[in-house]
Amino acid sequence: MEKSTVIVCDHIHEAGLKMLQEDDNINYVFAADVDKTELLTMLGDADIAITRSSTDVDDKFIDAAKNLKAIVRAGVGVDNVDIQRCSKEGIIVMNVPTANTIAAVELTFAHMLSCMRMFPYSHDHLKNQRIWKREKWYGYELKGKKLGIIGFGNIGSRVAKRAKAFEMDVIAYDPYIHASKATDLGVEYTENFDDILACDVITIHTPKNSETIDIINEKEIAKMKDGVVLVNCARGGLYNEEALYNGLKSKK
């Protein structure tokens with residue numbers, strides 16, 4: 001039986017690498033540490049490529065990988081994979097939609113708590129400035145705050161469950177789910193995006209596509225409360241970065 005050549009373009013868990021190394025039917029190539037230009041020269045014999053966020057599967061990649069039969073995106077999003085071109089070339093694209101679900105959920109709460117309790121600022125004040133003014137960094141409780149969740153899939157729904165345990169009021173916006181998916185969890189469901197913009201904390205858990213890029217921009221931020229906390233543990237570009245910067249400068 002002819003071996004399949006599998007090239008690992010980005011870092012994945014050691015357990016995954018071990019499985020590839022120990023499979024007698026696989027010719028395993030590790031290329032996670034090579035320059036992306038050099039990577040192109042290594043793709044010619046690859047049957048399967050394993051990627052993550054650091055590697056763009058674009059025209060250059062696909063042109064170089066002449067024998068490629070499948071792309072495995074070792075994560076959730078496939079926004080860095082040219083799906084249309086892969087389909088045209090007969091290349092199967094796979095991802096792992098639940099791989100980092102709990103990690104993303106917990107990271108969301110790490111950011112929420114860090115922002116509400118002002119951990120970065122108090123840490124800097126004490127460690128770098130050698131000043132401790134406890135009264136300056138009391139922060140705010142999550143309890144009683146309204147959390148707006150954009151996208152109520154695997155991650156967004158689990159964020160909601162944990163937010164309820166913190167006694168937050170939770171409201172979900174997702175035009176692609178039935179309202180009962182939220183209400184069955186004791187979460188308010190809305191079809192009006194302005195309801196999300198009125199929340200104390202807003203978090204997003206959607207794919208990156210034409211509908212979600214810049215879903216939060218200057219116009220949306222202008223409608224928000226002063227001091228609103230925005231969390232993005234999904235994809236860069238969902239919140240417009242210039243608008244965020246302006247909101248930070250103005251203390252919005």
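Pro97 is found in the loop that lies between strand E5 and helix H5, the latter covering residues 101-116. The model in which this residue is placed is a predicted one. With a relative accessibility of 43%, Pro97 counts as partly exposed, because that class takes in values between the 20% limit for buried and the 50% limit for exposed.

Which residues does Pro97 touch, leaving out those up to four places away in sequence? The contacts are with Gly75, Val76 and Asn154. Another position in the chain can be set beside Pro97: Val78 is 19 residues away along the chain, and the C-alpha atoms of Pro97 and Val78 are separated by 9.8 Å.

Strand E5, on one side of the loop with Pro97, leads to the sheet. This sheet is open and is formed by 5 strands. Read across, their order is E2-E1-E3-E4-E5, and the pairing is parallel. Which strands stand at the edges? They are E2, made of residues 26-30, and E5, made of residues 92-95. Each has a single partner strand, so one side of each is left without a neighbour in the sheet. From one strand to the next, the twist averages 20°.

Within the sheet, one pairing can be followed down to its residues. Strand E1 (residues 4-8) and strand E3 (residues 48-51) run parallel and are joined by 3 bridges. For Ile7, the bridge partner in E3 is Ala49.

A helix also belongs to this part of the picture. Helix H1, residues 14-22, lies across E1, E2 and E3. Relative to E2, helix H1 runs at about 140°.

The view can now widen to the whole protein chain. The chain contains 11 helices and 10 strands. Its C-alpha trace spans about 65 × 50 × 35 Å along the principal axes. How much of the chain counts as buried? Of its 252 residues, 39% do. Among contacts in the chain with a separation of 6 or more, 52% are accounted for by residues 24 or more positions apart.

The last points concern surface and charge. The protein chain exposes about 14,700 Å², and 51% of this area is supplied by carbon and sulfur atoms. The side chains include 32 positive and 38 negative ones. The centres of these two sets lie 7 Å apart.

Definitions and conventions
Residues are numbered from 1 along each chain as its sequence is written. This is a predicted model: local features need pLDDT of at least 70, side-chain atom pairs count only at pLDDT 80 or more; totals for chains, interfaces and linings use all residues. Side-chain values use heavy atoms; hydrogens and water are left out. Two strands pair if DSSP finds at least two bridges between them. Helices (H or I, at least four residues) and strands (E, at least two) are DSSP runs, numbered from the N terminus. Axes are lines fitted to C-alpha atoms, for helices over the stretch in contact, and angles run from 0 to 180 degrees between N-to-C directions. Contact means heavy atoms within 4.5 Å. Buried means under 20% relative accessible area, exposed over 50%, partly exposed in between (1.4 Å probe, protein chains only). Accessible areas come from the Shrake-Rupley method with a 1.4 Å probe; for residues, only the protein chains shown count as cover. Lys and Arg count as positive and Asp and Glu as negative; His and the chain ends are not counted. The place of a charge is taken as NZ of Lys, CZ of Arg, CG of Asp or CD of Glu.
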